[in-house]
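Dear colleague,

I am handing over the structure we discussed, with the sequence alongside, and my notes on it follow below. Please keep both open while you read.

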Amino acid sequence: MDSNNPAKTVHQSVAQQIAELIESGNFKKGDKLPAERSLAEKFKVSRSSIREAIKSLAQKNLVESRRGDGTYILADMDADIFEAFTTAFSDQKKRISDIFQFRRVIEPEIAALAAASMDEETLNRLKVIVFDQQMKTQSGKNTRDLDALLHLEIAKATGNSIFPEMMMALERIMKESRSEILQPPQRQQASISAHFKILEAFENRDQDQARKTMRKHIDEVEEAATGRTSSE
């Protein structure tokens, strides 16, 4: 998976969800898919992402686009190809779920330790990162790099040299969980709001608040990335 290509991630996720709807019977074989606009509204993505998702499904011979008529789910799709297609996405979702499980174990405790060790200089540096995130989001830019930097700086704030080393070593894996997130402006803004709440916990030097807020943030990001809650 190309974790540096968010547009690819979006259309692959949409293709996965359409395949799951076919598998569950919500979209029936032989039926015409809803119009691009309806699908874009349903999945909360752009119409170009819908077109790319449909192209991906067509290349797998799961759907057929008919000029001037729309896109149809093939009634005689190859069962083995369909199973391989859905299994690949299932494996990817399991890996993403594993990453979030790891983050829930590690990052809330890092946040708690950081709250106990927080000094004004570090707090101000974290604020600058979050404000930069907000500005980039308002300009329609992706903020994944700033998100990664914020979590690294929080690890450094613990005063334990192992945590930032671990975060840097794991950044390649962590990128997968960040790149899976379908980030419309409202999702990015929700993430920034959570970061401000984490900063508030640091300002209060409140370890328990920092721990709970970080865990809630990771749970919300997982739900946005996978469509499931951490309790499922």
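On the face of H5 that is turned away from its buried side, the exposed residues are Glu121, Met135 and Gln138; please bear in mind throughout that this is a predicted model. The buried residues of H5 are Thr122, Leu123, Leu126, Ile129, Val130, Gln133, Gln134 and Thr137, and because they cover an arc of only 140 degrees around the axis, they lie on the same side of H5. An α-helix has 3.6 residues a turn, so residues three or four places apart point the same way. The length of H5 is also as expected, since its 19 residues at 1.5 Å a residue should span 27 Å, and its end C-alpha atoms are 27 Å apart. At the start of H5, a side-chain oxygen of Asp119 comes to within 3.3 Å of the backbone nitrogen of Glu121, while after the helix comes Gly140, with a positive phi near 80 degrees.

From the buried side of H5, Leu126 leads into the core: setting aside residues up to four places away in sequence, Leu126 touches Met118, Leu150, Glu153, Ile154, Leu199 and Phe202. The largest nonpolar core has 28 residues, and Met118, Leu126, Ile154 and Phe202 are those with the most contacts inside it. At least two residues of this core come from each of H4 (79–117), H5 (120–138), H6 (144–157), H9 (185–203) and H10 (207–226), with H4 giving the most, 7 residues. Another core, of 19 residues, lies apart from this one and includes Val14, Leu39, Ala40 and Leu57.

Thr158 may also deserve your attention; this residue is found in the loop between H6 and H7 (162–169). Its relative accessibility is 11%, and Thr158 therefore counts as buried, the cut-off being under 20%. Leaving aside neighbours within four places in sequence, Thr158 is in contact with Ile110, Leu113, Ala114, Ser117 and Phe163, and although Thr158 and Ala111 are 47 residues apart in sequence, their C-alpha atoms are 7.8 Å apart in space. The side chain of Thr158 also reaches the backbone oxygen of Ala155, at 2.7 Å.

Finally, there is a strand pair: S1 (residues 63–66) and S2 (residues 70–73) pair in the antiparallel sense over 4 bridges, with Val63 standing opposite Ile73 in S2. The two strands form a hairpin with 3 residues between them, and Gly68 in the turn has a positive phi of about 75 degrees.

With best wishes

Terms used
Residues are numbered from 1 along each chain as its sequence is written. This is a predicted model: local features need pLDDT of at least 70, side-chain atom pairs count only at pLDDT 80 or more; totals for chains, interfaces and linings use all residues. Side-chain values use heavy atoms; hydrogens and water are left out. A nonpolar core is a set of buried Ala, Val, Leu, Ile, Met, Phe, Trp, Tyr and Cys residues joined through side-chain atoms within 4.5 Å. Buried means under 20% relative accessible area, exposed over 50%, partly exposed in between (1.4 Å probe, protein chains only). Contact means heavy atoms within 4.5 Å. Two strands pair if DSSP finds at least two bridges between them. A polar contact is a pair of N or O atoms within 3.5 Å; within protein, one must be able to donate a hydrogen and the other to accept it, and residues adjacent in sequence count only if both atoms are side-chain atoms. The expected span of a helix is 1.5 Å times one less than its number of residues. The arc is that of the directions from the helix axis to the C-beta atoms.
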